[in-house]
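Let's take a walk through a protein chain together. Keep the picture open beside you and look up each residue as we get to it.

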Amino acid sequence: MNIDRYMVNLFFEIKRNIPSSQQAHMNISNPQLGKLMSQLYCRTDDENIKLLTQIFLERAGESWLKDAKKEDSSATGRLTKQVNKGPMNRQSDSSILKKKAKPKRIYRGQVVEE
């Protein structure tokens with residue numbers, strides 16, 4: 001993996017935004033940096049970190065992003081199943097069709113009739 005200046009800046013931005021417990025394991029000199037970033041891409045729920053990691057992997061080339069998305073697809077499938085199982089709260093049409101009452105207009109303490 002060849003790392004350019006833009007990727008270094010992305011790496012340190014990602015490192016600043018992840019929890020401090022994970023920051024200790026993130027080193028730019030790690031020979032397994034691509035694998036580490038792919039794992040971070042799959043595990044994180046934070047959209048900002050996911051986007052920054054995606055950009056980093058795109059610039060890394062060598063199909064790093066494809067591999068990360070392949071690993072992530074299983075997690076996505078699990079989340080989709082959980083979302084579909086959950087109860088759906090929809091309002092009935094009758095509550096939407098209720099006529100809204102006009103507010104009373106009050107002028108100098110007196111109710112104004114229209």
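A good place to start is helix α3, which is mostly covered: eight of its eleven residues are buried. The buried ones are Leu33, Gly34, Leu36, Met37, Ser38, Leu40, Tyr41 and Cys42. Keep in mind that what you're looking at is a predicted model.

So what sits against α3? One partner is α4. Two packed helices are described by the angle between their axes and the distance between the axes. Here the axes of α3 and α4 come within 9 Å and cross at roughly 145 degrees, and the crossing is left-handed. On the α3 side, the residues that meet α4 are Leu33, Gly34, Met37, Ser38, Leu40, Tyr41 and Cys42. On the α4 side, Ile49, Lys50, Thr53, Gln54, Phe56 and Leu57 meet them.

Now step back for a moment and take in the whole chain. It has six helices and two strands, and if you read from the N terminus, the helices come before the strands: α-α-α-α-α-α-β-β. There are 114 residues, and 23% of them are buried. The accessible surface comes to about 9,400 Å², with 50% of it belonging to carbon and sulfur atoms. How much of the contact in this chain joins residues far apart in sequence? Among contacts with a separation of 6 or more, 47% are between residues 24 or more positions apart.

Next, let's go inside. The largest nonpolar core has 18 residues, and the ones touching the most other members are Ile14, Met26, Met37, Phe56 and Leu57. Helices α1 (5-17), α3 (33-43), α4 (47-60) and α5 (64-85) each give two or more residues to this core.

Pick out Ile14 and see who its company is. If you skip its neighbours within four places in sequence, Ile14 is in contact with Met26, Met37, Leu40, Ile49, Leu52, Thr53 and Phe56. Notice that Met37 and Leu40 are also on the list of buried residues in α3.

Met26 is worth a stop too. Where does Met26 lie? You'll find it in the loop between α2 (20-23) and α3. Is Met26 buried or exposed? Its relative accessible area is 3%, so Met26 counts as buried. Again leaving out neighbours within four places, Met26 is in contact with Phe11, Ile14, Lys15, Ile18, Leu36, Met37 and Leu40. You can also check its spacing from Phe12: the two are 14 residues apart in sequence, and their C-alpha atoms are 9.2 Å apart in space.

Another loop to visit is the one between α3 and α4, where Asp46 lies. Asp46 has a relative accessible area of 35%, so it is partly exposed. Along the chain, Asp46 and Ile18 are 28 residues apart, yet their C-alpha atoms are separated by 8.9 Å.

Time for some charges. Side chains of opposite charge can pair when their charged atoms come close. How many salt bridges does the structure hold? There are two. In one of them, the side chains of Asp4 and Arg59 meet, with 2.4 Å from N to O. This pair links distant parts of the chain, since Asp4 is in the segment before α1 and Arg59 is in helix α4, 55 residues apart. Asp4 is partly exposed at 30% relative accessibility, and Arg59 is partly exposed at 41%.

The other pairing is between Arg16 and Glu13, whose closest N and O atoms are 2.6 Å apart. Both lie in helix α1, three residues apart, which is about one turn of the helix. An α-helix has 3.6 residues a turn, so residues three or four places apart point the same way. As for cover, Arg16 is exposed, with a relative accessible area of 56%, while Glu13 is partly exposed at 29%.

Finish the tour at the strands. Arg108 is in the loop between β1 (105-107) and β2 (110-112), and at 73% relative accessibility it counts as exposed. What about its backbone? Most residues other than glycine have a negative phi, and most peptide bonds are trans. Arg108, though, has a phi near 50 degrees, a positive value in a residue other than glycine.

Key. Residues numbered from 1 in each chain as written. Predicted model: local features only at pLDDT ≥ 70, side-chain atom pairs only at ≥ 80, totals over all residues. Heavy atoms only, no water. Core = buried A, V, L, I, M, F, W, Y, C linked by side-chain atoms within 4.5 Å. Buried < 20%, exposed > 50% of the residue type's maximum accessible area, 1.4 Å probe, protein only. Helix = DSSP H or I, 4+ residues; strand = E, 2+ residues; numbered from the N terminus. Contact = heavy atoms within 4.5 Å. Areas by Shrake-Rupley, 256 points an atom, 1.4 Å probe, with all protein chains shown as cover. Salt bridge = Lys/Arg side-chain N within 4 Å of Asp/Glu carboxyl O. Axes fitted to C-alpha atoms, helices over the stretch in contact; angles between N-to-C directions. Left-handed = near helix turned anticlockwise from the far one by under 90°.
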